[in-house]
Amino acid sequence: MWVAIICGLVIYKLFKRFLYDDDILDIEGSDSSALFTVADRLRKLYGGKVFVGLRIPDADSGSRQSIDMVLVTKEELVVVSVKNFSGILTIRGDGSWACEKPGSHKVEHHPDPVEETRKQVSILESYLEQRGVALPEGYISCKVILPNPKLCAIPVSVFPPEVITHEQWVQLKPGPKSMLSSWVKSAFRGGKKDIQESVSQNLEFVLSTAPIWDRLELKGNKYVLGEFLEFKGKQEDVEALRHIRRSKVGSMIIQKTSMFGLVNLGWFAAPSRLQVLCTFRDYRTEGASAPELKEVTVRSNTEIIFQPANASKIRKFKLSSVASMLLSA
């Protein structure tokens, strides 16, 4: 009996080792995935464009300010901060937030998210001005969205007007502009006038070319924002991928992998091979043609070494678990 149990555990470990990535399991409820869930819903609600994972240069500090997302419509530009907090939330006298995890008695302390987002608005305004975008007065605002249903605030009425709680978030419904509720209008639109088409186009161009985090899209619609570091694996596979550098390649897509990620070779299980399709950057301003593509074939257990944003631990992701990767210039 014990032999059967031990054999079962060994088989389970091997199954998990080859078919799943521990980091994929950790990403299940990650903040990055929450960002893209919120961004998709904002697009459906308001149209316009949503720019996710910006890293805006701050002239005062000489560093880059991370901004979760920017929603741009004809009526308004909204700097959106997404806080995927869970547990019991209290707001302290100094404005900081404290989240206690039920059952663990562990308290996480966070600086005032509203004040942080207001600072991001100021930094973004300065950046846009430096790049020649003059926005109308009152056109830019900020919101803090709390999308996690497992967050409970005590008391509920403590939030400033910039905060959208989970209860308010789920009440928003997509629909024609004329049918938007008064709460929806006050939450984002505020009854503001449309900006000129030329200003809108310039604004969208500047935001689309602003610095961003590198982006990993994992299978199962999960995302990780951060910094791509390198590939690891067999020497010939790493050599085949050596051309993937942010100065040359803007994105890559993983294609064609076997159902189970393994090829049966008698008594052994060898990693399957998959195709990596890379899109090269085109820095030409005139006469640009279709982007140059390159396809290479490597082992599916080749790893991407990635540093997630706002995390101290470097993560490893097998290519077999990755759908695509977008690299910041």
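**Two sheets and a helix: a walk through the model**

The protein we are looking at this morning has 8 helices and 19 strands, and I should say at the outset that what you see is a predicted model. Of its 329 residues, 43% count as buried, and the accessible surface comes to about 18,700 Å², with carbon and sulfur atoms contributing 55% of that area. If we take the contacts between residues with a separation of 6 or more, 62% of them join residues that lie 24 or more positions apart.

Let me turn to the sheets. Eight strands, in the order β16-β15-β12-β19-β10-β11-β17-β18, make up an open sheet whose pairing is antiparallel. The edges are taken by β16, residues 293-299, and β18, residues 315-318, and because each has a single partner strand, one side of each is left without a neighbour in the sheet. From one strand to the next, the twist averages 35 degrees. Within this sheet, β11 (residues 222-232) and β17 (residues 303-308) run antiparallel and are joined by 6 bridges, and here you can find Phe-228 standing opposite Phe-306 of β17. Packed on the sheet is helix α3, residues 31-46, which touches β10 (214-218) as well as β11, and whose direction makes about 130 degrees with that of β11.

There is also an open sheet of 4 strands, in the order β6-β5-β4-β8, and in this case the pairing is mixed. Its edge strands, β6 (107-110) and β8 (151-153), each pair on one side only, and neighbouring strands are turned by 25 degrees against each other on average, if direction is ignored. Strands β4, residues 87-91, and β5, residues 97-100, pair in the antiparallel sense over 4 bridges, with Leu-89 opposite Cys-99 in β5.

Finally, I would like to spend a moment on helix α4. It covers residues 113-130, and at 1.5 Å a residue its 18 residues should span 26 Å, which agrees with the 26 Å between its end C-alpha atoms. At the start of α4, a side-chain oxygen of Asp-112 comes to within 3.0 Å of the backbone nitrogen of Val-114, while just after the helix Gly-132 takes a positive phi of about 85 degrees.

Which residues of α4 are buried? They are Pro-113, Val-114, Thr-117, Gln-120, Val-121, Ile-123, Leu-124, Tyr-127 and Leu-128. When reading that list, it helps to recall that an α-helix has 3.6 residues a turn, so residues three or four places apart point the same way.

Key:
Residues are numbered from 1 along each chain as its sequence is written. This is a predicted model: local features need pLDDT of at least 70, side-chain atom pairs count only at pLDDT 80 or more; totals for chains, interfaces and linings use all residues. Side-chain values use heavy atoms; hydrogens and water are left out. The expected span of a helix is 1.5 Å times one less than its number of residues. Buried means under 20% relative accessible area, exposed over 50%, partly exposed in between (1.4 Å probe, protein chains only). A polar contact is a pair of N or O atoms within 3.5 Å; within protein, one must be able to donate a hydrogen and the other to accept it, and residues adjacent in sequence count only if both atoms are side-chain atoms. Contact means heavy atoms within 4.5 Å. Accessible areas come from the Shrake-Rupley method with a 1.4 Å probe; for residues, only the protein chains shown count as cover. Two strands pair if DSSP finds at least two bridges between them. Axes are lines fitted to C-alpha atoms, for helices over the stretch in contact, and angles run from 0 to 180 degrees between N-to-C directions.
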